[in-house]
Each structure stands twice: as structure tokens, then as C-alpha cells.
Amino acid sequence: MPHSILKNALSFLSNTSTSSARSSEDRNKKTALYHAQLLQQRKDVEALILAYTEALLEVPSSPAADPARPRLQDITLVKDSLKPFQPSDYDSLIEERNINKRCGYVLCPRPNRQEDTKARYRILHGKGRGSDSLKFVDRHTLEQWCSDDCGKRALYVKLQLNEEPAWTRVGSPVGDILLLEDEQNIQKRLEYDFTLIGELRSLDLGLEEDEVVARMKALAIERGDEEASSRSFGLAEIDVHEKRDIGGKVSAPDPSTTERNSKGWSDSIEGYTPRCTRKKTRGPESGNREDEDEDMMPTI
Amino acid sequence: MDNQDAERAKIAADADRELTRLWRAWRTIHQMCQDRGYEIGEEEVKISLNDFRKDYADPSGAPDRKKMNTSFRPTDAMLTKYTALPTKAEPHPPPQIGTIWIEFSSDASIGIKQMRAFAQHVSQHKFYTGILVTQASITPAALKIIPVVLPSIIETFQEQDLLVNITHHELVPTHELLSAEQKVELLKRYRLKESQLPRIQVGDPVAKYLGLRKGQVVKIIRRSETAGRYASYRWAI
Ligand SMILES: [Zn+2]
């Protein structure tokens with residue numbers, strides 16, 4: 001019996017047993033009823049997941065859909081449907097899609113890869129030279145997706161799924177599931193903002209600091225307040241703490257794409273607390289502007 | 001040229017091996033349906049490999065599974081066996097059995113979609129039972145559909161499990177389903193509740209072969225050198 005069921009059962013029992021007049025027979029009846037209800041809940045959730053799995057076999061709705069830019073309608077359907085899923089349900093969805101010769105990533109309409117070998121493993125050449133760069137990849141893993149990109153997208157979603165069965169999740173709120181593209185949109189948006197700041201700064205070197213601060217505030221207002229701005233970045237609400245679960249398994253934003261901004265503030269893009277980072281890593285050419293940073297950063 | 005001939009011969013040999021496998025599975029399914037009590041002629045059960053090839057091979061010599069769909073009706077004896085005892089509320093209970101539909105799946109893997117299509121066919125044509133014979137195992141999600149398509153009963157077998165008829169093995173005793181009436185008599189004679197009988201899982205290979213349902217009782221007849229024939233009973237759960 002999963003721990004949480006036990007916990008629910010115990011709290012249930014302690015609640016009922018306090019009303020002292022109850023006979024033990026009465027209590028047994030209640031316990032039985034409680035377990036029957038739990039079982040029914042489980043059955044209902046499992047039926048729901050099965051129905052969702054079946055529906056998600058038909059997503060995306062258009063055969064021309066682009067997994068990198070899914071239609072909003074499909075995104076909403078996917079995010080809502082996946083909420084009760086455990087990672088194992090999600091694996092099952094991938095398996096079902098593959099049987100129907102579709103990429104395992106739920107927002108991709110393309111056929112999955114078919115390796116022309118029956119061998120269990122494929123050897124792939126990674127970066128670098130020599131035998132260190134060789135990777136042994138399970139053929140089955142390769143054949144789950146149409147491309148490595150979809151593999152990453154699918155894994156990104158999987159890592160956010162709740163390990164706990166949905167019927168015992170009482171009380172734990174369901175966070176919104178993010179797509180890899182959501183995350184990348186946030187990153188792009190941040191990059192864009194930093195570029196703006198950079199341009200602003202290079203254009204207006206003569207401006208008083210106050211003025212720069214005022215402009216940054218205007219920029220912030222244009223996007224709404226601080227909280228609203230994070231909503232407008234991506235396609236869904238952003239739960240920054242989600243990143244914890246992601247760990248090192250999903251590739252972080254590639255530093256090489258941020259480095260092309262050579263003005264010295266590229267380092268800040270990496271995270272959500274750029275203030276400290278920036279102070280430490282700023283190039284010498286802007287070293288005399290630390291005060292200005294202090295004022296600006298909270299508006300971003 | 002020689003290479004091509006060799007290649008062609010290899011393909012033909014593979015096709016024939018596959019055909020022979022299917023012929024064996026086909027015979028087991030027919031024996032099984034006959035043992036359960038469906039109406040099947042002896043010549044259908046004992047079809048020779050040559051006749052099977054004539055009827056069910058495609059031009060390449062491989063089995064054409066799409067041609068192998070078939071159905072059987074229950075015999076009168078079977079109908080009786082599957083009829084519950086009359087009660088005041090229901091003086092003429094209908095038999096809990098009907099026509100069985102058998103399909104050899106052409107799909108390499110069976111997922112939700114394939115299972116849903118099969119279930120739809122079974123319930124649309126009002127078959128009482130549908131048997132899907134598959135080339136590979138069925139996904140867990142697809143198996144969850146089976147209890148959902150009631151009142152139709154869906155059973156699944158893998159081809160490889162039908163290559164040999166397990167009930168023909170000398171160590172497997174004879175299992176015989178009791179009718180509702182026989183069951184009542186048995187319990188009365190021994191003054192037992194059914195739950196006091198030893199049990200057999202409905203997933204047991206022989207139980208699966210007979211299509212046992214929960215609550216039914218089978219008689220198991222063994223032969224022993226010392227005791228001769230003796231019977232025991234199992235309650236299906
Ligand atoms: Zn894909």
C-alpha cells in the first residue's frame with residue numbers, strides 16, 4: 001500500500017474514532033467504505049488516463065504541425081491531459097504512438113525513426129575524437145522519436161510528471177507542465193531584454209543614470225508588472241521552481257548562443273538571479289556602472 | 001544467378017516455416033473451441049498442412065492472416081451448460097454463451113488502437129466472445145480496454161502459445177467445466193460453500209484454454225497407478 005494511502009486512511013480513522021460513541025463495527029464499516037471509495041477513485045483515474053492516452057494518439061491535429069511551434073489548441077490539450085499522468089503512463093503513451101508509427105513526442109506528427117538494423121545497440125560518434133567520443137545507444141531509444149530534438153522535448157515533459165498516482169495526490173496542487181519550447185522562449189526573451197538594455201546603454205552613454213532607470217521602468221511597465229511579465233514570456237504560467245526537477249538531464253541553454261552577445265552581460269542570461277552574477281563577472285569596460293545595475297536589475 | 005536462387009529459396013523456406021507455425025496455431029484454436037463445446041466438424045479440426053496451405057497461403061507461400069478470420073456457434077450441449085438454474089425472478093434464464101469470433105491479427109504489435117478496432121468489431125456484430133490471436137505481446141494500455149467492452153468477452157492468445165496444445169500433454173489432467181446444475185449438486189453433496197473449494201486462477205493456462213470465468217467450477221480428472229481415476233474440483237477466481 002503506497003504510503004500516502006496509508007496516511008489518508010490513518011487520518012480518516014483518527015477523525016472518525018474521536019466521536020467516542022461509535023462502535024468498532026461501525027468503524028470497520030467506515031474503513032471498508034473508505035477503501036472502496038479509494039479503489040473507485042483509482043479506477044476512475046485509470047479510465048481517465050486510458051481515455052487521454054487514446055486521445056493523445058491523435059495529436060497533433062494537423063499532419064503538417066511543427067513540434068517546435070505547436071498550435072495553441074494542441075498545447076492546451078496536451079498540458080491538460082498529462083496532468084494525471086505518472087511517468088509510467090507517459091512511457092506507455094510513447095509506446096502506443098510508436099506502434100502507430102508516430103514520433104513519441106506527443107506534439108510531433110512525424111513518423112518515428114526506423115533503424116535499418118536489428119542490432120540491439122547503435123554506435124554513434126559524438127563530439128571529439130577517439131573511442132571516448134563513441135556512444136552506445138539502445139536502438140529502441142533511437143526509434144522512439146523522429147529526431148534527437150523530439151527526444152529532448154519528450155524527456156523534458158516526462159521529468160515534470162508527478163511520480164505519485166493521481167488518486168493519492170489529494171492536496172498536492174498540480175503544477176502546469178512546461179514544454180521545452182516554453183523554457184527556450186523564456187531564455188530568448190531574457191536574451192532579448194538584455195540586448196535591449198545593452199543597446200540602450202550604448203546609445204545613451206550620455207544620459208544620467210536616473211534617466212536610464214526611468215527608461216528601464218517604462219520598459220517594465222510596457223510588459224506589465226514583474227509578475228505579469230513572466231506570464232507573458234511563454235505559453236504557460238511559469239513555475240521557476242520546476243527547474244529543480246530538471247537537474248542536469250535536460251540540456252541547459254547552450255552558452256554558445258548567448259556568447260555571441262559580446263557586450264559583457266551575456267553571463268547573466270544563464271539564470272534567474274543575474275544580479276550577483278553580473279556584479280562578479282562583468283567585463284572591466286563597464287566596471288564603473290555597478291550602481292546602475294543595482295537599480296536596473298529588479299525591473300527585469 | 002546462383003546467389004539470387006539461394007536468396008529466393010531462403011525466402012520461400014522462411015515463408016513455409018511461418019505457414020507451418022500458423023497451421024499449428026490454427027489447429028490448436030480449433031481443438032480448443034471444440035473442447036469448449038462449439039460446433040466444429042472433425043475435418044475442420046484435423047485439416048492437413050497441404051489443405052491449410054491451399055486455403056490460407058498468399059502467393060509468396062506465407063500465411064495470409066486476413067483470410068483466417070472465423071466464427072463458431074455453441075452446440076446445444078454447450079448452451080445448456082452455460083445456462084444458470086431457473087429462479088422465480090427468472091424462470092427462463094438465457095444461456096451465458098453465444099457465437100465466438102476468432103481473428104488472427106496481421107499487426108506486428110497490438111496497442112490501444114488495434115485492440116479498440118477488434119473490440120468494436122466484436123461488439124458491433126454482437127459476438128458473445130472474441131478471440132484475438134496476436135504475433136507479439138499486447139501493450140498494458142491495450143489490455144485495459146478488454147474489461148471495458150462488456151458484455152462481450154475478449155480473450156487474447158499469442159501465436160507462439162498455441163503451437164502446442166497444452167491439454168494434450170500427458171502430465172496435464174483432464175479439466176471439465178461443470179454446469180450450474182452440476183455445481184449446485186456438488187456443493188450439496190459435500191455440504192460445502194464454493195469458497196471452500198481449492199482454487200484455480202482464470203489466468204492459469206488450462207483455465208485460459210477453457211475460457212473459465214470467475215465463479216465457475218472445473219472437475220479435474222487424474223489417473224494414478226494406485227488409485228485409478230480420481231477427481232478433484234477447483235473454483236475459478
Ligand atoms: Zn518528432
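This dialogue concerns the interface of chain B and chain A in a predicted model.

Me: What conventions apply to this model?
Reply: Residues are numbered from 1 along each chain as its sequence is written, and chains are lettered from A in the order in which they are written. In this predicted model, local features need pLDDT of at least 70, side-chain atom pairs count only at pLDDT 80 or more, totals for chains, interfaces and linings use all residues, and side-chain values use heavy atoms, with hydrogens and water left out.

Me: Which pLDDT does chain B average?
Reply: pLDDT is the predictor's confidence in each residue, from 0 to 100. Chain B averages 92, and 100% of its residues score at least 70. For the complex, the predictor gives an ipTM of 0.79 and a pTM of 0.69.

Me: How many residues does the contact take from chain B and from chain A?
Reply: Contact means heavy atoms within 4.5 Å. Chain B contributes 13 residues and chain A ten residues.

Me: What area is buried between chain B and chain A?
Reply: Buried area is the accessible area (1.4 Å probe) that two parts lose on being put together, summed over both. Here the value is about 950 Å², with 59% given by carbon and sulfur atoms.

Me: How many salt bridges does the rule find across the interface?
Reply: A salt bridge is a side-chain nitrogen of Lys or Arg within 4 Å of a carboxyl oxygen of Asp or Glu. The rule finds two between chain B and chain A. B:R116 forms a salt bridge with A:E54, where the closest N and O atoms are 2.7 Å apart.
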